[in-house]
Amino acid sequence: MQKDIIIIGGGIVGLSCAYALHHAGRKVTLIEQNDGSFGTSFGNAGLVSAFKKAPLASPGVVCDTIKLMLKGQAPLNIHWGLNPQLYKWLWKFIRSANAKSLKRTLALFERYGTMSLEVYHEMLDRGMDFWFKEDGLLMIYTLKENFEKKLKACTHYPAHTYEIFDPKATLDYMPIAREENICGSVLLKENAHVDAQEVMESLQGYLKNAGVELYYNEEVLDFEFSGQKISGVLTNHNKFEAHTIILATGANPYLLQKTHNRFLMMGAKGYSITFKMPEELKPKTSSLFADIFLAMTPRRESVRITSKLELNTTDPGIVRAQIENMKKNFATFTHPFEMQEPKEWSGFRPLTPNDIPYLGYDAHYSNLIHATGLGWLGITFGPAVGKIIADLIACGCNEKSADIMLFSAFFRE
């Protein structure tokens, strides 16, 4: 079957590319190996947190993580073994955690966070219905030294972009927090949050009604090559040909390796628990216990907490020890309450060592485009990536796209 554009992968990046390309007038076909009702994007915290919040690779993160490991509170769990990719990733991560890289990354995050917010507004204006709140991100600090670092950083922010709270005022936003364990908090006002599941379902419905071809439960098994092009996309049911192919398969390296690529990217396993709780106990806005990297996000009918980062594992199952440690860390800084109807989730996120995704045309195959590597920032930057990829296809090559040159790991050391 001959197609114009084929997108492989139905997560937030794939759907966002389909959305942007459809509105650019292209005929889009999306192929997803599962039924579209679950996946990494569905388990996302829902933070649209591009503003004034440090990325994973930031100065001091290595020392801070070691300290948390000694306390048993570390969000990171590394499965050591004979995997050279892991050690290359860790070395690049350590090298990227410096002040110079941080400054550049924060500037890029603000640029593409603004773009994502614009696209979310556009989606709502076009009739989509999903939980979307632009009420900031509350950064809660339990360690005095980290709170003081954040206060120092705030002196460089425009006054209207943040608000500082003492422990008592923090409770107005996070009623279940233990006042005695909190040093203070900072509300980063430019950030937003969504219900990731509602975003995914709204996009799916919108694209289907718009005539975008959605092939669910269709697994891409291999490619056929002819010279410098991919001439065929082979699935468990069909063979497709396309003018342009976008690979947006997230953390799964199988198809990436079929294209003779091996990006410096890890499948980082994360966890979330979604539950109901009394309305008066819910946080007023999305919140992050910054010292233990645990997010809590209110939704329409529920609340979700997300945390943990497992590296060098391929086990897709929920590890009880990780869930229990996550609950223990959360309980350390909150008053006891009952999680009603809890639903646990785990999934893999495509994480690069410098928080910069792989975007752009492939180095070998002229009709192949990569769109992966957003880690847990898929909901934050997915809509922006969709627009970037649509603009890239319109201009025809990486070097003509300023956004690719700025925001792709292909062009960053």
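**Strand pairing and helix packing in the predicted model**

Strand 11 (residues 220-226) and strand 12 (residues 229-235) run antiparallel and are joined by six bridges. The structure described here is a predicted model. At the turn end of this pair, serine 226 has lysine 229 of strand 12 as its bridge partner. The two strands form a hairpin with two residues between them, and glycine 227 in this hairpin adopts a positive phi near 65 degrees.

Strand 12 also takes part in a second hairpin, formed with strand 13, in which three residues separate the strands. Here the pairing is antiparallel and comprises two bridges. Within this pairing, valine 233 is matched with phenylalanine 240 of strand 13.

Strand 13 has further partners. Strand 1 (residues 2-8) pairs with strand 13 (residues 239-247) in the parallel sense, through six bridges. In this pairing, isoleucine 8 is placed opposite leucine 247 of strand 13. A parallel pairing is also found between strand 13 and strand 20 (residues 368-372), with three bridges. Isoleucine 246 has isoleucine 369 of strand 20 as its bridge partner. Strand 13 is thus antiparallel to strand 12, but parallel to strand 1 and to strand 20.

A separate description applies to the open sheet of three strands, which has the order 3-9-5 and antiparallel pairing. Its edges are formed by strand 3 (47-48) and strand 5 (132-133), each of which pairs on one side only. Strand 5 is connected to strand 9 (residues 192-194) by two bridges, and these two strands run antiparallel. Phenylalanine 132 is bridged to valine 194 in strand 9.

Helix packing was examined for helix 1. The axis of helix 1 (residues 12-23) comes within 8 Å of that of helix 10 (residues 378-395), and the axes cross at roughly 40 degrees. Helix 1 is therefore oblique to helix 10. The crossing of these two helices is right-handed. On the helix 1 side, the contact involves Ile12, Val13, Ser16, Cys17, Ala20 and Leu21. These residues meet Gly378, Ile379, Gly382, Pro383, Val385, Gly386, Lys387, Ile389, Ala390 and Ile393 of helix 10. Sorted by class, the contact consists of eleven nonpolar, four polar and one charged residues.

Helix 1 also packs against helix 7 (residues 196-209), with the two axes coming within 10 Å and crossing at roughly 35 degrees. This crossing is left-handed, whereas that of helix 1 with helix 10 is right-handed. Helix 1 contributes Ile12, Leu15, Ser16, Ala18, Tyr19 and His23 to the contact, and helix 7 contributes Val199, Met200, Leu203, Gln204, Tyr206 and Leu207. The class composition is nine nonpolar, three polar and no charged residues. Ile12 and Ser16 of helix 1 are listed both in the contact with helix 10 and in the contact with helix 7.

In UniProt, an unreviewed entry lists residues 4-392 as "domain: FAD dependent oxidoreductase". In the model, the end C-alpha atoms of this span lie 15 Å apart, and the span is 33% helix and 28% strand.

Methods. Residues numbered from 1 in each chain as written. Predicted model: local features only at pLDDT ≥ 70, side-chain atom pairs only at ≥ 80, totals over all residues. Heavy atoms only, no water. Axes fitted to C-alpha atoms, helices over the stretch in contact; angles between N-to-C directions. Helix = DSSP H or I, 4+ residues; strand = E, 2+ residues; numbered from the N terminus. Parallel < 35°, antiparallel > 145°, perpendicular 65-115°, else oblique. Left-handed = near helix turned anticlockwise from the far one by under 90°. Contact = heavy atoms within 4.5 Å. Nonpolar A, V, L, I, M, F, W, Y, C, P; charged D, E, K, R; others polar. UniProt positions renumbered as here; feature names shortened; annotations may be inferred. Pairing = 2+ DSSP bridges.
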